[in-house]
Number of protein chains: 2
Amino acid sequence: MKLRRLWFAIGAAWGLSLSGVAIAQEDQVTAITAAQQRTVERLQAAALNSDHAYGIVESLVTEVGPRLAASEAEARAREWAVAMLRANGLSNVRIEPFTIPYWDALREEAYIVSTPGAQPMVAAALGGSPSTPPDGLEAEVVRFADLAALEAASNATVAGRIVFIDEPMVRTQDGAGYGAAVRKRGRCAPVAQSRGALGCIIRSVGTDPHRFAHQGGSSRQPEGVSLPAMAISPADADVLARLVARGPTRVRMLIEADIRENAPSGNVIAEIRGRERPEEIVLLAAHLDSWDMGQGAIDDGAGVAIITAAARLIRELPQRPRRTIRILLAGSEENGVHGGAAYARAHANENHVVALESDFGAGRVFALRTRFAASAAPHARALHRALAPLGILSSTTPAFGGADIGDLAEAGTPVADLAQDGLDYFDYHHTPNDTLAAIDPAALRQNVAAWATFVYLAADNDWRFRAE
Amino acid sequence: MKLRRLWFAIGAAWGLSLSGVAIAQEDQVTAITAAQQRTVERLQAAALNSDHAYGIVESLVTEVGPRLAASEAEARAREWAVAMLRANGLSNVRIEPFTIPYWDALREEAYIVSTPGAQPMVAAALGGSPSTPPDGLEAEVVRFADLAALEAASNATVAGRIVFIDEPMVRTQDGAGYGAAVRKRGRCAPVAQSRGALGCIIRSVGTDPHRFAHQGGSSRQPEGVSLPAMAISPADADVLARLVARGPTRVRMLIEADIRENAPSGNVIAEIRGRERPEEIVLLAAHLDSWDMGQGAIDDGAGVAIITAAARLIRELPQRPRRTIRILLAGSEENGVHGGAAYARAHANENHVVALESDFGAGRVFALRTRFAASAAPHARALHRALAPLGILSSTTPAFGGADIGDLAEAGTPVADLAQDGLDYFDYHHTPNDTLAAIDPAALRQNVAAWATFVYLAADNDWRFRAE
């Protein structure tokens, strides 16, 4: 998951006085039919008794594994997805191709080379980083406690050195700690470069104590140039900080980046065509690509599995819902949300009545968040009433939406979040440790139950979530 | 820590009817003086209020880091140790050099290369493994649930393939699960080779679910030849097992081993000379080398720190104990207990009254185990009585001793264990995740208190632990 947009979206939502569900018309709840209520109960029972979603993510990590944006592995993931979506009874399964700038790190190594303390570090090149010279880039390290300290530093402190931003991340349930900590990942290289630095190293953006470096994108100067940039594991950040406190410390960074233009990626799309209002679309999104040190199990194999398993349960009902349910498995999310942008360009004129994304791991859903027109609050309450038996609260925090539906949301599409418990999400996020072992099958089942509930009710009614 | 000897030692101890403390003369407890009792209380209070040991291991992982047997880093560790032991007030600090066969892996990679499932694995070459051809070794995988299944397999099943032993490890407090699981690490290559296999892969010997491969030694055929051998992470073992169950699966192993004869290693030795019986030695051992993917914090920086900090507290007493306290920081333990063997050869004729080793991480001491003559049971009880306030039980299980004092123990030197809680030891053991973050400072303090108590009483009395 790429959360850069979350804080923008929340800020925009508050600023525009869009509402969370609890603000207006507190007492009104849109009624659902007795048949719909029975269907909801049947969907939830089926979801809570099935490991079908777990089987999907197990298949993805086993038969494809990591799938870097626009790589050959991502192409295999698309073929896997087409077969998997068809096997789950979905229709109109297709690939919508696009091209992107490709980036991969063939080598990504970092060493403390001065004594005392000469030792290798566990490091990951940040997405978009240029290569170093073939033998690496060696310089003295200057440490900053956080990004603000780097921003406040004089050029003389930084010039000719490797900048090290040692800022930690706060563990939170909703991912707010990520929004605060991830800024150093995007900003280290351009800010350090503007001060005359030679390279950039950050303490990994993560909450775990384990010896993993967390991958993730960096950013560039407006003119497109950048510094070599890496993340190091927390244990290595600790060692480096202690050595810098003892005296001058030199580090060698070595990155060999494979950078290509116009590399092939694509979105995979599938549908359950609505029986009465097929032009009205309930959009369910997740992303198919992953960073490549891990297996992409929680980011975002879990999302792929949750939304597919939920759609499959609805597909198996005696009759299809009134509206079309569409699944978007976006490509190339991690390195720039290219799939979401391509989808929004291609489908801007269609009628998306509501959009949701599952891209925050496999933790239990604990809250429903919406970004609906105030007039839709009774529908939100009806949705929450149906979700409540799954242990789900309603929240006054406006929905984020999701990276891959960000362009749609900015253009006014109503969005909702089935907000997941992410207390441990950033222990695994973008590391080699993002494996099937990080997924709790019981929590995955509860996710499927929540998604099936929301999507069925949103698709089987004529509720409007935008301002009329 | 290398536990191959543990099970031999326990077996031998039971076989010879040596006793744990609780077997004979249950009521007798050797008396200590009131002054000794006050000293014990002072030592314990000082230990429990000091992070001196934590500072030692922090210094080692920061200023040296990983230190593979006979590497340049291990030489730096010896220099570090000499300075550190002198700074802690110890005497006769010296290096006793020896040479060993050197082994290091310059490359250690493994890939699933067949489809479906083509993906890289997280792998570590096993110590002593030969190199593969420069482009690697590729073959179909044959999986065995455990070593016994491989041993029972026909040559036709195995010949021309890469053997994969998928045996898991049981988590236990005392490390017994390791003794059972580690056999596959030593035996995979020679057994697979005898069946005509081309290579050997094991599920890592460890208890964690994280994406780390666990390093460790392998073994060879009697004539000294061997197969390329690797350990893979549990997540990769899971993927490989599922793929093999789906159909024929091919793997490529790539190992580039650096193998040299007569590489320089050495032991570091230091003493507190006894004030009355300097020729009688209480020996405290730990090892200085480590595997090189981690920092060697729990294996065995913790042991180095615990025994040094305990000796320092005793050194700071108003008068030195009667007997000599000697610290052995052994070199080259991990790849064959070479330092312990060299020490035993050089010092066989000295009078070691008792020997102990700290090489099971940094968990709290939960039991005193001894391998003393039955006549020494009252002394063991006196030691336990002094340790009990630290939350330490006595145990009827005979002491292991430790790898580096194994030759001394086999030759009859009495040994004791300050047995540590190792429930999570094999989560970190021999992985990149063996870092300072795995050490609980409070548990480390309790270890120092226990060691200071035992060592002071053993050195300040004339107790005999062998049969008279």
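Here is a walk through this predicted two-chain model, from the overall shape of a chain down to a few odd backbone spots.

Let's begin with chain A as a whole. It holds 15 helices and 14 strands. Its radius of gyration is 23 Å, close to the 23 Å that the globule rule gives for 468 residues, so chain A is as compact as a globular protein of that length. If you lay the C-alpha trace along its principal axes, the spans come out at about 75 × 45 × 40 Å. Of the 468 residues in chain A, 60% are buried. The contacts also reach far along the sequence: among those in chain A with a separation of 6 or more, 84% are between residues 24 or more positions apart.

Next, the domains. Chain A splits into domain 1, made of 4–102 + 262–460, and domain 2, which covers 104–258. The C-alpha centres of domain 1 and domain 2 of chain A are 33 Å apart. Where these two domains touch, domain 1 of chain A puts in 22 residues and domain 2 of chain A puts in 19 residues. On the domain 1 side of that contact, helix H1 (4–15) and helix H14 (425–428) of chain A each supply at least two residues. H14(A) has the largest share of that side, with 3 residues. By class, the domain 1 side that touches domain 2 in chain A has 12 nonpolar, 8 polar and 2 charged residues.

Now bring in the second chain. How are the two copies related? As a general point, two copies of a chain are related by a rotation about an axis and a shift along it. Here, a rotation of 180° with 0.0 Å of shift along its axis puts chain A on chain B, at an RMSD of 0.0 Å. That is the relation of a two-fold axis. The contact between the chains takes 24 residues from chain A and 24 residues from chain B. Helix H3 (52–63) and helix H9 (234–246) of chain A are the elements that give two or more residues to chain A's side of this contact. H9(A) gives the most, with 6 residues. The side of chain A that touches chain B breaks down into 12 nonpolar, 8 polar and 4 charged residues. The copies meet through the same surface, because 100% of the interface residues of chain A are also interface residues in chain B.

For a look at the interior, go to chain B and find strand S6 (residues 199–203). All told, 5 of its 5 residues are buried. The cover is on both faces of S6(B): B:Gly199, B:Ile201 and B:Arg203 are buried on one side, and B:Cys200 and B:Ile202 on the other. S6(B) also has strand partners. Strand S5 (residues 162–165) of chain B runs parallel to S6(B) and is joined to it by 4 bridges, with B:Val163 partnered by B:Cys200. Strand S7 (residues 229–232) of chain B pairs with S6(B) in the parallel sense too, over 4 bridges, and here B:Ile202 stands opposite B:Ala231.

Back in chain A, helix H11 (residues 338–347) is worth a stop. Which of its residues are buried? They are A:His338, A:Gly339, A:Gly340, A:Ala342, A:Tyr343 and A:Ala344. The elements covering these buried residues of H11(A) include strand S1 (91–112), strand S8 (250–272), strand S9 (277–287), strand S10 (323–330) and helix H13 (406–410) of chain A.

That leaves the backbone oddities. Most residues other than glycine have a negative phi, and most peptide bonds are trans. A:Val337, in the loop between S10 and H11 of chain A, has a positive phi of about 55° without being a glycine. A:Val337 is buried, with 24 other C-beta atoms within 10 Å. A:Ala70 is another non-glycine with a positive phi, about 70°, and its place is in the loop between H3 and helix H4 (72–87) of chain A. A:Ala70 is buried too, with 26 other C-beta atoms within 10 Å.

Over in chain B, look for cis peptide bonds. One runs from B:Thr115 to B:Pro116, with omega near 0°, and B:Pro116 is found in the loop between strand S1 (91–112) and strand S2 (119–121) of chain B. Another joins B:Asp299 and B:Asp300, with omega about 10°; B:Asp300 is found in helix H10 (residues 297–315) of chain B.

Technical notes. Residues numbered from 1 in each chain as written. Chains lettered and ligands numbered in written order. Predicted model: local features only at pLDDT ≥ 70, side-chain atom pairs only at ≥ 80, totals over all residues. Domains from an automatic or database assignment. Contact = placed C-beta atoms within 7 Å. Nonpolar A, V, L, I, M, F, W, Y, C, P; charged D, E, K, R; others polar. Least-squares fit on C-alpha atoms with pLDDT ≥ 70 in both. Buried ≥ 20, exposed ≤ 12 C-beta atoms within 10 Å, placed from the backbone. Pairing = 2+ DSSP bridges. Rg over C-alpha atoms; globule rule 2.2 N^0.38 Å.
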